[in-house]
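Work through the exercises below with the sequence and the model open side by side. Each task is followed by a solution in steps.

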Amino acid sequence: MKWIVFTLLAASGCLGQERPDVFTIAGTAVDAVTAKPVQRARIVLADSSSLVAELGSSITAEDGRFQFTVARGKFSLRAERSGLAPQFYGAQALYSAFGVSIVAGPGQRTDNLIFRLFPPSAISGTVLDDGGEPVEDAVVQLLRSYVAAGRRTTMTMGWVRTNDLGEYRFGRLPAGSYYLAVTGAPWYASSARLARAGASADTAMSHIAFAPAYYANTGNPRAATSIQVKSGEEAVANFSLYPKSGHSITVNCAECRSTRMRLDLTSEGILGVPSSQRVVTFYGDTRIAAVPPGRYTVRVRNEDERKPISAMAEVEVSSGDVVVSLSLQEAAKVTGTVAVRDGDRSLLTRLFVAVRNESEPNIGFTREVRPDGSFEVPVSLPGRYRMQIVGTRGVFASQVTSDDPAVRNGVIEIGSGAVRVNVVASNGVGRVKGFVRRGSEPTSGVLVVAAPAGLPSDPGAYSSFETDSDGSFDFEQLRPGEYRLFALTDTEFEWANPESIRPYLDAAVAVHVEARSLIQQDLELP
């Protein structure tokens, strides 16, 4: 049968007739900054519903061209280059979470696409002491401010240590807004050198520390400023560290002698993100020398996910050395049951419970729901969390209740011990689809926001969609309720922040979504 079909198609081609069921996706990969063609990039074609599976790939030539022949459908394109994470067609920055799906079909112009590839950026610099000498082994912490899950957040992107010239570098960064913090100890006060010299614990040199520094060279984290980095740019941020009299923190932990532990010493950081002062691996007791005066959090934990244990204490370093005794406990946990509303109880065998940090959405802990609906999620970091149901398309947590005072308005305050919650899962979602136009022209790559009426504080209640190449959008999994829809060109918009959304409500379109309903609603781009 395959041979017969091939013969018929070949005959059709010989007669000069066009294939109505075959379409072309083609274009040019260009540098987003210089607009020059990018050669030797691997362009991967995938079905938009399954971004992992490859339908085909092409290596761009010197002119940056690529081409695919496809049947009618919706597709994604991603570009892969040496050392960089893949970038999707239509993305507005390197590592962007958004991309534009390509709709191939009659009347769609998909044969002359411009695939803009953003070059990586970097931040580098030198750390010197008060005498102008390089500081070796200083820890440089990099934080990035960006929109994640619809809200602007600031998160640590990583740490590096300076080399013998006091130099550091963060490479392969997306353009954006960054913050930097630097900590370190003078070479003459390092624990290793003092030990080699036979110096005692109370030697004056062991009490000298560098005061932390924050960009641009301030000692106050609240006065830190951001450094703006453009695509393809290498920004430079130099630091000068100044010695300050410090004291030691001795941590006694009898239970730590049987397993390898990690100690994190942190202090107040930039925009609420803790600033890392020291990281130590140890057995039993340990001593941290030359800690500048200030308020710190001492946290020890093992790294065994099967049975996480930890301990934490707040300490004040002021006029003398500090001794803190810690007793290990099992990690805090969220336990409970999931009940299915108006659905098949067999869903429980495919569901997962996720506990997401409210201020840092990339911090989360997930466990599978057992067949009887029970779950237990260890949470090794204290903070404010929200419950989510994940793992099965179209299923969401419609209700989270608890008799525990640690749970208020759907937010779980997690410290130590266990918090029990009851979750109701529902698969009764609705669908809203349509097109965004500016005048009579469909507009691709713009952001459509579905904001629930009343603008609740739960970011999981909001949805966004970046329009496809034909200007279409499709919210397939909206919870039942009243929504306001609007479109805008800023893909960095905080679409889950009520205060950001409020100015757009007057011009938004109201829709009422019911379970398993389908609504067709077009939007006009201002």
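## Exercise 1: Two aromatic pairs

Phe 365 and Tyr 385 are both buried. The model is a predicted one.

**Task.** Classify the ring pair of Phe 365 and Tyr 385 by its geometry, and place both residues in the secondary structure.

**Solution.**
1. A pair of aromatic rings is described by two quantities, the distance of the centres and the angle of the planes.
2. For Phe 365 and Tyr 385 the centres are 6.2 Å apart and the planes stand at 50°, so the pair is tilted.
3. Phe 365 belongs to strand β30 (residues 364-368) and Tyr 385 to strand β32 (residues 383-390), so the contact ties together parts that are 20 residues apart in sequence.

**Task.** Do the same for Phe 465 and Phe 475, then decide for each whether it is buried or exposed.

**Solution.**
1. The ring centres of Phe 465 and Phe 475 lie 6.1 Å apart with the planes at 70°, so this pair is edge-to-face.
2. Phe 465 is in strand β40 (residues 463-466) and Phe 475 in strand β41 (residues 472-478), and the pair links these distant parts of the chain, ten residues apart.
3. Buried means under 20% relative accessible area. Phe 465, at 18% relative accessibility, therefore counts as buried.
4. Phe 475 has a relative accessible area of 4% and is buried.

**Task.** How many aromatic pairs are there, and which residues form one cluster with Phe 66?

**Solution.**
1. The count comes to eleven aromatic pairs.
2. Phe 66 forms one aromatic cluster with Phe 68, Tyr 89 and Phe 115.
3. A ring may also meet a charge: the charged end of Arg 144 sits over the ring of Tyr 146, 4.5 Å from the ring centre.

## Exercise 2: The pairing of β37

**Task.** Which strands pair with β37, and in what sense does each pairing run?

**Solution.**
1. Begin with β41. Strand β37 (residues 430-438) runs antiparallel to β41, joined by five bridges. Within this pairing Gly 434 has Phe 473 as its bridge partner.
2. Turn to β44 (residues 518-520). This strand pairs with β37 in the parallel sense over three bridges, and Leu 518 is the bridge partner of Arg 431.
3. Next comes β45 (residues 523-524), which is parallel to β37 and joined to it by two bridges. Here Leu 523 stands opposite Val 436.
4. Finish with β38 (residues 441-442), which pairs with β37 in the antiparallel sense over two bridges. Glu 441 in β38 stands opposite Arg 438.
5. The hairpin of β37 and β38 has two residues between the strands, and Gly 439 takes a positive phi near 70° there.

## Exercise 3: Empty space

**Task.** What is the volume of the second largest pocket, and what is its lining made of?

**Solution.**
1. Rolling a probe the size of a water molecule over the atoms shows where empty space is left.
2. The second largest pocket has a volume of about 990 Å³.
3. Its lining counts 32 residues, of which Thr 266, Pro 274, Glu 360, Ile 363 and Leu 381 are the closest to the pocket centre.
4. By class, the lining of this pocket divides into ten nonpolar, twelve polar and ten charged residues.
5. Strands that each supply at least two residues of this lining include β11 (151-161), β21 (261-270), β24 (294-301) and β32.

**Task.** How many cavities of 30 Å³ or more are there, and which residues line the largest cavity?

**Solution.**
1. The count comes to one cavity of 30 Å³ or more.
2. About 60 Å³ of space lies in the largest cavity.
3. Residues lining the largest cavity include Thr 183, Phe 210, Leu 265, Gln 277, Arg 278 and Tyr 296.
4. The lining of the largest cavity has seven nonpolar residues, three polar and one charged.
5. β22 and β23 (286-291) each supply at least two residues of the lining of the largest cavity.

## Exercise 4: A loop residue and the whole chain

**Task.** Where does Pro 106 lie, and is this residue buried or exposed?

**Solution.**
1. Pro 106 is in the loop between β7 (102-104) and β8 (113-117).
2. With 52% relative accessibility, Pro 106 counts as exposed.
3. Pro 106 and Arg 72 are 34 residues apart in sequence, and their C-alpha atoms are 8.2 Å apart in space.

**Task.** How many helices and strands does the protein have, and how many residues?

**Solution.**
1. The protein has three helices and 45 strands.
2. It has 526 residues, of which 47% count as buried.
3. Taken along the principal axes, the C-alpha atoms fill a box of roughly 95 × 60 × 55 Å.

Key
Residues numbered from 1 in each chain as written. Predicted model: local features only at pLDDT ≥ 70, side-chain atom pairs only at ≥ 80, totals over all residues. Heavy atoms only, no water. Phe/Tyr/Trp six-rings, centres within 6.5 Å; stacked < 30°, edge-to-face > 60°. Helix = DSSP H or I, 4+ residues; strand = E, 2+ residues; numbered from the N terminus. Buried < 20%, exposed > 50% of the residue type's maximum accessible area, 1.4 Å probe, protein only. Lys NZ or Arg CZ within 6 Å of the ring centre and 35° of its normal. 1 Å grid on protein atoms, 1.4 Å probe; cavity = no way out; pocket = protein on both sides within 12 Å on 5 of 7 lines; lining within 4 Å. Points joined across faces, edges and corners; volume = space filled by probe spheres on them. Nonpolar A, V, L, I, M, F, W, Y, C, P; charged D, E, K, R; others polar. Pairing = 2+ DSSP bridges.
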